[in-house]
Amino acid sequence: MMNRTALDLWVGIFVAIGFAALTFLAMKVGNFSVFNKAPTYVVTAQFDNIGGLKVRAPVKSAGVLVGRVSSIDFDAGSYRAVVGIEIDSRYEFPSDTSAAILTSGLLGEQYIGLDAGGDIEMLRDGDRVMLSQSAVVLEKLIGQFLFDRASETPAQ
Amino acid sequence: MNGLLSALRTVGAMTIDGIWRLGFATRFLVAVLMHSGQSLRRVHLTIREIYFSGVLSLLIIVVSGLFVGLVLGLQGYDILQRYGSSEAVGVMVALSLLRELGPVVAGLLFASRAGSAVTAEIGLMKATEQLKAMDMMAVNPLARVVAPRFWGGVISMPLLAAMFSTMGIFGGWLIAVPVIGVDDGAFWSQMQAAVDFRTDVLNGVIKSVVFGTAVSLIAVFEGYDCQPTAEGVSRAITRTVVTSSLAILALDFVLTSFMFRGQ
Amino acid sequence: MTPPSDKPLVSLRDVHFAYGERVVLSGIDLTVHRGQLVAIMGGSGCGKTTLLRLIGGQLTAGSGAVEVAGRDVGRMSERELYAMRRRMGMLFQFGALFTDMSVFENVAFPLREHSALPPELVRDLVLMKLEAVGLRGAQAMRPGELSGGMARRVALARAVALDPMLVLYDEPFAGLDPISLGIVGQLIRRLNDALGASSVMVTHDVHESLEIVDYIYFVSNGRIVARGTPDEIRASTDPFVHQFVNAEADGPVPFHYPATPIEALLAGEAQ
Ligand SMILES: Nc1ncnc2c1ncn2[C@@H]1O[C@H](COP(=O)(O)OP(=O)(O)O)[C@@H](O)[C@H]1O
Ligand SMILES: [Mg+2]
């Protein structure tokens, strides 16, 4: 059998590497921070169509990640989608801020873009974003394009 | 007709035998857990087994992880550049490793490297009456031999899977950034934006814990339960590798369907 | 030789045992007094190992009583069994040394498992036991490097590491050359007397046993067919004992395993 102290050393190294790998995956890859689990506030926005938006999709403003989508529900009264937007408390937005569902790249994932307004009053937890712009649905866009072409043709 | 009937009979017998063994293995797991007190109190018993299951599997895990990452980098780039999003290669490599390939491939390697060794060791101890001798010395083989090997495997496997994924991501980075010339910042930032700690990293770790438990249980069970002959031990080793691999793939399907449903 | 004391250490009364359908022992009566070295003899497969495992509590008799130190082994809880086994040593048929440990570690194993002795004391005790079997020089060797006779002696040292009250030997002479055989035989006798222990030895080596044991039982077909002190056995006219002692091929122990008569088989094939 191997000398017990040498064996202990090897197992120690092994466990240390293992935990280093776990930490790497959590911090560098998973972007997890135990220490500053930043406080957040949640606002809602209603959309006619959210397209392929998913829970945990990024929320960006001016291209900077400021939060994530926390919930997606359907409002049976207005037949619209209700999206919960969880925003980092460090960032405050005027109450007339608008939310739009955008796509990164042509076929990339969908995210919510916030466009700050000019109001003095700020959005608070539980508030609703009034101005919203739904997702661009590719099929509709193509349909629109064909329709336009069709309506142009008789004029020629 | 006769052949069909006998084939049917064989399938039936195999099913019943499988269920019977499953019940037996479950009872065995309970017995192992009940006899685990000693291996937790006498830590060096378990440390020794972490050495044999974990440290000795390190090389194959690290090398395989690196190669899987290199391949993922090449394939990912080839596919993603068609859509003009070659920076997303980091996302693809990281997500496939964290969610699936890390736990599954590391689990399969672990089953054939460490699981088979554990089965062989316990089976040989049984065949040469070492377990009976221990029992006659008033030392319970479940507590002294089986439980430390079980816990050694359960502890080693998640660490090995994490190393596998880390090496794989490093391999993907090697292909994407220095070789192909994807921007280093874009590689990491896209990865970080897309990878979620809970859904991706934590679920992957949970998978590796489950696989480690399954493989370790199968390995000690097959060794303890084998026919105490040379042929019996070799059959038990084969069964460990086959059963663990199937168990990993089946459990992966079940876990995936729970973890990543419609998000 | 030690005179038998009144209360036997081991007593089997009308013990029956079967592996499933296969009946191995049917009605065994056997007594071992304190300080005695008793041999159990019989052909291969007659149930000698089974008998030892019944005494050690690894198997439970179908009916009858197996008592060690006045307590029924078959009715003990696992805890009580383990408490009893701490005072019992067993030499397995092929030694059963732990192959992942050195000779020293093997002998130290029971001491480390059952006592919290300081390492120096364990070391001294182990070296004493190894000295007793003449293998102190081999303490660093691995079981794979030992000859059959040496392995048997290491196993012997391990079996008596805790100074047991009862030692069970399963075919201690099997596969040994005549010199090793004599050495092991003398060791068994010496250890028994030095420890003040009692021993049960299963064997089919008649001549070595007659030299060292106090009492002999002959087992055949699951029964005790003859018994006596070595002198009685030597003088016995019992046909079974005669066959065994003189190593005759056929006699009360048949040469053939039970089968349909070969004439019938040949006649059947001729049809
Ligand atoms: N685990 C077992 N299951 C079924 N039969 C067994 C088992 N162990 C031993 N036997 C049978 O019981 C008989 C007695 O075995 P054993 O006590 O080992 O004989 P011995 O030690 O005298 O050679 C043998 O014929 C053997 O085939
Ligand atoms: Mg035997």
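**Entry 1: around ligand 1**

I looked up which residues lie near ligand 1 in this predicted model, near meaning that a heavy atom of the residue is within 4 Å of the molecule. I found Tyr19(C), Arg22(C), Val24(C), Ser44(C), Gly45(C), Cys46(C), Gly47(C), Lys48(C), Thr49(C) and Thr50(C). This is a predicted model, where local features need pLDDT of at least 70 and side-chain atom pairs count only at pLDDT 80 or more, while totals for chains, interfaces and linings use all residues. Residues are numbered from 1 along each chain as its sequence is written, chains are lettered from A and ligands numbered from 1 in the order in which they are written, and side-chain values use heavy atoms, with hydrogens and water left out.

I sorted the shell by class. It has three nonpolar, five polar and two charged residues. Here Ala, Val, Leu, Ile, Met, Phe, Trp, Tyr, Cys and Pro count as nonpolar, Asp, Glu, Lys and Arg as charged, and the others, Gly among them, as polar.

Next I asked which element gives the largest share of the shell. It is H1(C), with three residues. Strand E2 (22–33) and H1 of chain C each supply at least two. Helices (H or I, at least four residues) and strands (E, at least two) are DSSP runs, numbered from the N terminus.

**Entry 2: polar contacts of ligand 1**

I checked polar contacts, which are pairs of N or O atoms within 3.5 Å. A polar backbone atom of Gly45(C) is 2.7 Å from an oxygen atom of ligand 1. For a polar backbone atom of Lys48(C), the distance to an oxygen atom of the ligand is 2.8 Å. A polar side-chain atom of Tyr19(C) lies 3.4 Å from a nitrogen atom of ligand 1.

**Entry 3: the magnesium ion**

Which protein atoms are donors of the magnesium ion (ligand 2)? I found OG1 of Thr49(C) and OE1 of Gln93(C), 1.9 to 2.8 Å from the ion. Donors are N, O and S atoms within 2.8 Å of the metal (3.2 Å for Na, K and Ca); water is not among the atoms, so sites may look incomplete.

The two residues are 44 apart in the chain. Thr49(C) sits in helix H1 (residues 48–55), and Gln93(C) in the loop between strand E6 (88–91) and helix H3 (103–114).

Are they buried or exposed? Gln93(C) is buried, because its relative accessible area is 18%. Thr49(C) is partly exposed at 24%. Buried means under 20% relative accessible area, exposed over 50%, partly exposed in between (1.4 Å probe, protein chains only).

Definitions and conventions: A polar contact is a pair of N or O atoms within 3.5 Å; within protein, one must be able to donate a hydrogen and the other to accept it, and residues adjacent in sequence count only if both atoms are side-chain atoms.
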